[in-house]
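Here are my notes on the model you sent round. I've kept them as numbered points so you can reply to each in turn.

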Amino acid sequence: MKARILLALLVLALPRIAMAADGSWVLQQSTVTYHVSHKLHEVDGVSRAARGKGVCHEGQCDFLIAVAVKSFDSGDSNRDLHMLQVTRGAQFPMVTVRTHVAEADSQSANIRADLEVQFAGVTAEYKQVPFQLVRQGSALRLTGIIPATLADFKIEPPTLLTMPVKNEIPIRVDVSWQQQ
Amino acid sequence: MKVREMKIFLGVGVLIISMALATPLVAQVRSCAVVGTVTDAQGAVLPNAKLSVHNLDTGESTSAQTDSAGNYKVEKLTPGAYEVSIAADGLATRVIAVTLTGETPQKVNATLSALQSKPRSAVQGTPQAQTPNAQLPDAPASQRTEPSLGDLGITPEQEKGSAAQQALLDKRTHMLKVHQRLGLITTLPLIATVIASADAGGKSTSSTGRNVHMVLGSTTATMYFTTAYFAIRAPKISGTETRGPIRLHKALAWVHGPGMILTPILGAMAYSQRNNGEKVHGIASAHGAVAGVTAAAYGAAILSVSLKF
C-alpha cells in the first residue's frame, strides 16, 4: 500500500521534476539587423556572427546574446567604419542582450520579454518587447524587433550631406536556439 | 557693361561666400591646454596612466600618458567641451567633463579607484538603466547561474576595447567630415567658374571675363586640393576591405584629380595666348574639354556617396 502511494506521488511529481530540471540552450543561427533611416538613404546593417547561451534553472531561463559591433555589414565599408566610430565600437566592441524568461513560455507562439541591452558603453532596458516563437523540430526560432534609438545609447546621429539620420534604429532579431 | 559688372560682382560674391564657409572648418586656433596629476585612492602618483582628451564638438581625440611623477599635459587644443578619460591597469577608468575656453591651462587632477567586482561599473547608464540584474522584473531568487561572455567563447581580449583605436577612428571621422563639407562647398566656386567660362573664351575679347574666370578657377583649385588633403591624410584602418559605393567615389578621384591639375595648366596656356592677342590653339584648346570632364567626374563623385543606386 505504502509502495503504491509512493509510486503515485512519484508519477504526479515527474512532470514537475521534468519542468524544473536544469537545462541549457545554445544559439545555432542568427541574423541581427539594424535599420537606419536618412532622407536620401535607408540602410540595413546585418550581422550573422552572434553567439548566445541560455541557462535554465527551476523553470526560469537566463539568456545572453553577444555580437561584435564590427561584424555588422551595411554593404559599404566606409559607412561601416563610420558606424564603428560613432558607436564607440573600438572602445566597446560587443553588443550584449540579456533577458530571462519562464521556460514554460517556450511553448507559446508569442512572448513578451524585458531586455537589458549593453551597447556603446551604455546599458538600456526595454520592457515587454514582443517576440514570436516557432518550433522547428528540436530547435526554437525566435524573431522580433527591439525598438532601440540612438539617444538610448547616447550616440550622436551620423550625418550625410549635413543631414542627420533618424533617432530610431530598430534592431530586428532572428535567432534559432537548440536545446542541449 | 552692366552685365559684365554683374558677373564680376557674382564672381566676387561666390569667392567671399566660399571662403567664409570654408574658413571655420580649417582655421581653428589651438591655444588651450589641460594639465593635471593622476593618483590612486591612497594618494600615490600613477605613472604611465593613459589619457584620452576627446572633443565633444569635433569628435577629435588626443592621447597622452602621465610621466614618472603622475603628471600630464595636453596642449594645442581648440576651445570647446571635452571629456578627459583616464585609465590605468587594474583601476576603474575615470571620465571627467571639462570646458576649455582661454589660454590658461585647465587643471584636471584625477584619483583612480580600484575596480568594482563588476567591471561594467565603468559603463554609463541612462536613468532608467541603472537597475542591477537582481532588480529586473520577474527576477527570481538568485540561485541561477547567468551565462557570461566567457561561456560564449568570447575572450577578455575580444571583450576589451582599445581607446587608441577609437581615437584613430575619431580622427578619421573628423577629417572625412571636413573633407565632405569642403567638397560640397567647393561646388560653389566650381559652378561659378563654369558659368564665368562663357565670357572667358570664344569670341569674347574682354580681359575682365578671363580674369574673373581665372580667379574663380584658382579658388576652385585651391579648395579642391584642400578637400583632397583631408581625404588623403585621414587615418587608414588596417584590415578593412573597401566595399560598396565608396569604391566608385575613390575611383572617380583618378579622373577629377589629374583633371584638376591639368585644367589650370591648360587654362594658363590659353590665358597667355589670348592676352597675346592670339587665338587659343594647340593643346591649350583642350582646356574646356578637360575642365568639363573634371567637373562631371567631380559631380559624379559626390552623387556616388549621396544617392543610393
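1. Where in chain A is Arg88(A) found? Look in the loop that links helix H2 (77-86) to strand E5 (94-102) of chain A. Keep in mind throughout that this is a predicted model. The backbone at Arg88(A) deserves a look, since phi is near 55 degrees, a positive value in a residue other than glycine. Arg88(A) has 22 C-beta neighbours inside 10 Å and therefore counts as buried, the cut-off being 20 or more.

2. Gln128(A) also has a positive phi, about 50 degrees, although it is not a glycine. This one sits in a strand, E7 (residues 122-136) of chain A. Is Gln128(A) buried or exposed? It counts as exposed, because there are 10 C-beta neighbours inside 10 Å and the limit for exposed is 12 or fewer. I'd look at Arg88(A), which is buried, and Gln128(A), which is exposed, side by side.

3. Now for chain A as a whole. Its secondary structure comes to 2 helices and 11 strands. Starting at the N terminus, the order is α-β-β-β-β-α-β-β-β-β-β-β-β. Of its 180 residues, 38% count as buried. Among contacts in chain A with a separation of 6 or more, 58% are accounted for by residues 24 or more positions apart.

4. For a local view of that chain, try Thr31(A), which is found in strand E1 (residues 23-37) of chain A. Which residues does Thr31(A) touch, leaving out those up to four places away in sequence? They are Val46(A), Arg48(A) and Asp174(A). With Val46(A), the C-alpha to C-alpha distance is 6.8 Å across 15 residues of sequence. Thr31(A) has 14 other C-beta atoms within 10 Å, so it is partly exposed.

5. On to chain B, which has 6 helices and 9 strands. Buried residues make up 25% of its 309 residues. Residues 24 or more positions apart account for 69% of the chain B contacts with a separation of 6 or more. One spot to check is Ala41(B), in the loop between strand E1 (32-40) and strand E2 (50-55) of chain B. Ala41(B) counts as exposed because it has 11 C-beta neighbours inside 10 Å. Ala41(B) and Leu91(B) are 50 residues apart in sequence, with their C-alpha atoms 9.8 Å apart in space.

6. Helix H4 (residues 207-233) of chain B passes a simple length check. At 1.5 Å a residue, its 27 residues should span 39 Å, and the end C-alpha atoms are indeed 39 Å apart, which agrees. Buried residues in H4(B) include Arg210(B), His213(B), Leu216(B), Gly217(B), Met223(B), Tyr224(B) and Phe230(B).

7. How do H4(B) and H5(B) pack? Their axes come within 11 Å and cross at roughly 160 degrees, which makes H4(B) roughly antiparallel to H5(B). The crossing is left-handed. On the H4(B) side, the residues that meet H5(B) are Arg210(B), Met214(B), Gly217(B), Ala221(B), Tyr224(B) and Ala228(B). H5(B) brings Gly257(B), Met260(B), Pro264(B), Gly267(B), Tyr271(B) and Arg274(B). By type, the residues of this contact are 7 nonpolar, 3 polar and 2 charged. Of these, Arg210(B), Gly217(B) and Tyr224(B) are among the buried residues of H4(B).

8. H5 (residues 246-275) of chain B also packs against helix H6 (residues 287-306) of chain B, with axes that come within 8 Å and cross at roughly 155 degrees. H5(B) and H6(B) are therefore roughly antiparallel to each other, and their crossing is left-handed. Which kinds of residue make up the contact of H5(B) with H6(B)? There are 17 nonpolar and 8 polar residues, and no charged ones.

9. Last, the contact of the two chains. It takes 36 residues from chain A and 43 residues from chain B. On the chain B side, the elements that give two or more residues are strand E9 (124-125), helix H2 (156-159) and helix H3 (163-196). H3(B) supplies the largest share, 8 residues. The residues on this side of chain B divide into 16 nonpolar, 18 polar and 9 charged.

How values were computed: Residues are numbered from 1 along each chain as its sequence is written. Chains are lettered from A and ligands numbered from 1 in the order in which they are written. This is a predicted model: local features need pLDDT of at least 70, side-chain atom pairs count only at pLDDT 80 or more; totals for chains, interfaces and linings use all residues. Two residues are in contact if their C-beta atoms, placed from the backbone, lie within 7 Å. Helices (H or I, at least four residues) and strands (E, at least two) are DSSP runs, numbered from the N terminus. Ala, Val, Leu, Ile, Met, Phe, Trp, Tyr, Cys and Pro count as nonpolar, Asp, Glu, Lys and Arg as charged, and the others, Gly among them, as polar. Axes are lines fitted to C-alpha atoms, for helices over the stretch in contact, and angles run from 0 to 180 degrees between N-to-C directions. Angles under 35 degrees count as roughly parallel, over 145 as roughly antiparallel, 65 to 115 as roughly perpendicular and the rest as oblique. A crossing is left-handed if the near helix is turned anticlockwise from the far one by less than a right angle, and right-handed if clockwise. The expected span of a helix is 1.5 Å times one less than its number of residues.
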